[in-house]
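Visitor: I would like a close look at one residue, and then at the parts of the chain that help to place it in a wider picture. Please take it slowly, as I am new to reading structures.

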Amino acid sequence: MHKLVSIAALGAALAASPAMAQNQTAPQTPQAFVTQAEAAFNKATIEAAQADWVYQTYITPDTEALTARAGAKLTEMQVANAVIAAKYAATAGLDYDTTRKLSRMRTAIVLPAPVRPGAAEEAATLTARLQGIYGKGQGTLNGKPINGSDIEAAMGTNRNPAELKEMWTSWHDNVGKPMAGDYAKLVSVTNEGAKDLGFADTGALWRSNYDMTPEAFAALTEKLWNEVKPLYEQLHCYTRTKLSERYGDAVQAKTGPIRADLLGNMWAQEWGNIYDIVAPPGAGDVGYDTTKLLVDKGYDPLKMVKTGEGFFSSLGFAPLPKTFWERSQFTKPADREVVCHASAWDIDNVEDLRVKMCIKVNGDDFTTIHHELGHNYYQRAYNKQPALYLDGANDGFHEAIGDTIALSITPEYLVQIGLLDRSQVPSADKDIGLLLRQGMDKVAFLPFGLMIDRWRWSVFSGEVSPANYEKAWNDMRLKYQGIVPPSERPADAFDPGAKYHIPAGVPYTRYFLARILQFQFYEAACRISGWKGPLHRCSFYGNKQVGERLNAMLEMGASKPWPDALQAFTGTREISGKPMIRYFAPLTRWLEQQNKGKQCGW
């Protein structure tokens, strides 16, 4: 996840002058309006970003109030400007940039507040309170309190079904349930705001930000899901069999859905942590473990981040600024509550780049660091664009850049940076193991990445009422993921709230798009670098030509429709799941063999 101090991640915060925000006379032409609004952009976003940074790295009632106040001011500005932009957008004969910027003002708002007095404060207060519940949330393990970051780590390594169930259930009960009422209020407020801007509801607004109609975007995501769904179904079938063999039918049945807490992740969104359970004999032992390599080589959190920076430096990107190392949060402070969820920040839209993490020395966080730095380098690449273009080509692009780099954490890359000895590089007969380990994260995530917003779209549209939030959530997880909770959930539970992006109001389809796009980007990078071996072993570390082509895409920001940016790097304008299918083709064939005679599906 990235925290962009720009249009997207601050609710598409277009800041106008105070006079405009107070509905005084706007400039007389669309061009003058855009110019005046952009001129005020940086000041307002910097104030909001500074307040939010302090809050997320030092959670107190006072910092919560400060970020809510800054958020309310920003929301009032963005709504006032979006209303004006909607009127100006109907003007005939507008030039390209004015048209695009007016559209972005209106469609990039994430949580719009109504124009009525007090609504912005109400929305900001609800959002801050929801994030506070999440940030301070705790579960239990053996009856003792354990924070969210530690639960995440423990669920990746614990193989005791009773303890997994306790952690999963306590987290969802303690964090999700208390925010249900506030979340329903936030939905109501933002829907009212979306209607003020001419949208059917907040979900329709979100789907309008992809250079196509909301209906066309929903259809595109469904098409992409259907391209990759058969691979997921094979992985689900194989994983369920292995879990049943490990725990027995009483814990995990051989048929039907999989119990969510057994998959090595709090939300069952990625399954790589249980690779030890599913690893095939022989091929499954890939010969190294990234966590062990990091520990054995004496890596600490700072060295992990320095290594991530080194990847981008090898492609020709300039080093991160000195302030990055002075101002980032790399580890969890011992003296206060913070939001540990990893995020990347650009406080001033120029060079004040930061990451906020609670890094642990393990393979997961090593990958996450590469991902978050992808946001930072993207932010800096487009920092010369006008204020309204300071963003990714679409939000999926922003997530995909870091993921593309993380895909290149191959054995070859680990050799190149001295983390793995060449003699330890797994031989070709280990390819299925390598691909399965990747697939347990990349492929397993796909339906989760899709259903988070599918659920919210239904909530925003009114198809799902507050009384049915929990039932609809579990129904959708079953439909898309083939996953069920470890035990029956009460009707007044609110399990969606136990996932950060729900209380934080962060759209999630971007992560689904990123899973698809990263394989397009990765395949293109490997092609540009001249890689000749199996695609999944490719490392383009050190290739300056890749860096040049990548930068050509990154520096465009949001100045052009996303197909233009896609074409700049990959040569095609069509987003497709086919590169991902090609990447995992050997695994697909192997899974089909393993699943012969099994009752797949759920």
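What is the relative accessible area of asparagine 42, and is this residue buried or partly exposed?

Guide: Asparagine 42 is partly exposed, because its relative accessible area is 34%, and the classes run from buried (under 20%) through partly exposed to exposed (over 50%), with a 1.4 Å probe and protein chains only. The model is predicted, so local features need pLDDT of at least 70 and side-chain atom pairs pLDDT 80 or more, while totals for chains, interfaces and linings use all residues. Residues are numbered from 1 along each chain as its sequence is written, and side-chain values use heavy atoms, without hydrogens and water.

Asparagine 42 is found in helix H3, which spans residues 41-57; helices (H or I, at least four residues) and strands (E, at least two) are DSSP runs numbered from the N terminus. Along the sequence, asparagine 42 is 305 residues away from isoleucine 347, and yet in space the distance between their C-alpha atoms is 9.5 Å.

Histidine 172 gives a second example of this kind, since methionine 266 lies 94 residues from histidine 172 in sequence and 9.2 Å from it in space, C-alpha to C-alpha. Histidine 172 belongs to helix H8 (residues 161-176) and, with a relative accessible area of 2%, is buried. If we set aside residues up to four places away in sequence, histidine 172 touches Lys177, Met266, Trp267, Arg489, Asp495 and Ala498, where contact means heavy atoms within 4.5 Å.

We can now turn to some loops. Alanine 268 sits in the loop between strand E3 (258-259) and helix H12 (275-278), and its relative accessibility of 0% makes alanine 268 a buried residue. Although alanine 268 is not a glycine, it has a positive phi of about 55°. Aspartate 211, in the loop between H10 and H11, is another residue other than glycine with a positive phi, near 55°, but aspartate 211 is partly exposed, with a relative accessible area of 38%. Serine 208 is likewise placed in the loop between helix H10 (202-207) and helix H11 (214-247), and this serine counts as buried at 15% relative accessibility. Beyond its neighbours within four places in sequence, serine 208 makes contact with Thr107, Phe199 and Pro214.

From single residues we can move on to whole helices, beginning with a pair. The axes of helix H2 (residues 30-39) and helix H4 (residues 61-88) come within 10 Å of each other and cross at roughly 155°; such axes are lines fitted to C-alpha atoms over the stretch in contact, with angles from 0 to 180 degrees between N-to-C directions. H2 is therefore roughly antiparallel to H4, a word kept for angles over 145 degrees. Where the two helices meet, Pro30, Phe33 and Ala37 come from H2, while Asn81, Ile84, Ala85 and Tyr88 come from H4.

A second pair is formed by helix H19 (residues 431-461) and helix H20 (residues 469-481), which pack at an angle of about 145° with their axes 10 Å apart. Among the residues that make this contact are Phe448, Met451 and Trp455 of H19, together with Tyr469, Trp473 and Tyr480 of H20.

It also helps to ask which side of a helix is turned inward. In helix H23 (residues 544-554), the buried residues are Val546, Gly547, Leu550, Met553 and Leu554. These residues lie on the same side of H23, because they cover an arc of only 120° around the axis, the arc being that of the directions from the helix axis to the C-beta atoms. They pack against helix H16 (363-381), helix H17 (395-407), helix H22 (509-529) and helix H24 (562-570).

Helix H26 (residues 585-594) can be read in a similar way, with Leu587, Thr588, Trp590 and Leu591 buried. Seen down the axis of H26, these buried residues fall within an arc of 165°, so they line one face of the helix. The cover over them includes H11 and H19, which brings back two helices already met: H19 packs with H20, and H11 borders the loop that holds serine 208.

How values were computed: Angles under 35 degrees count as roughly parallel, over 145 as roughly antiparallel, 65 to 115 as roughly perpendicular and the rest as oblique.
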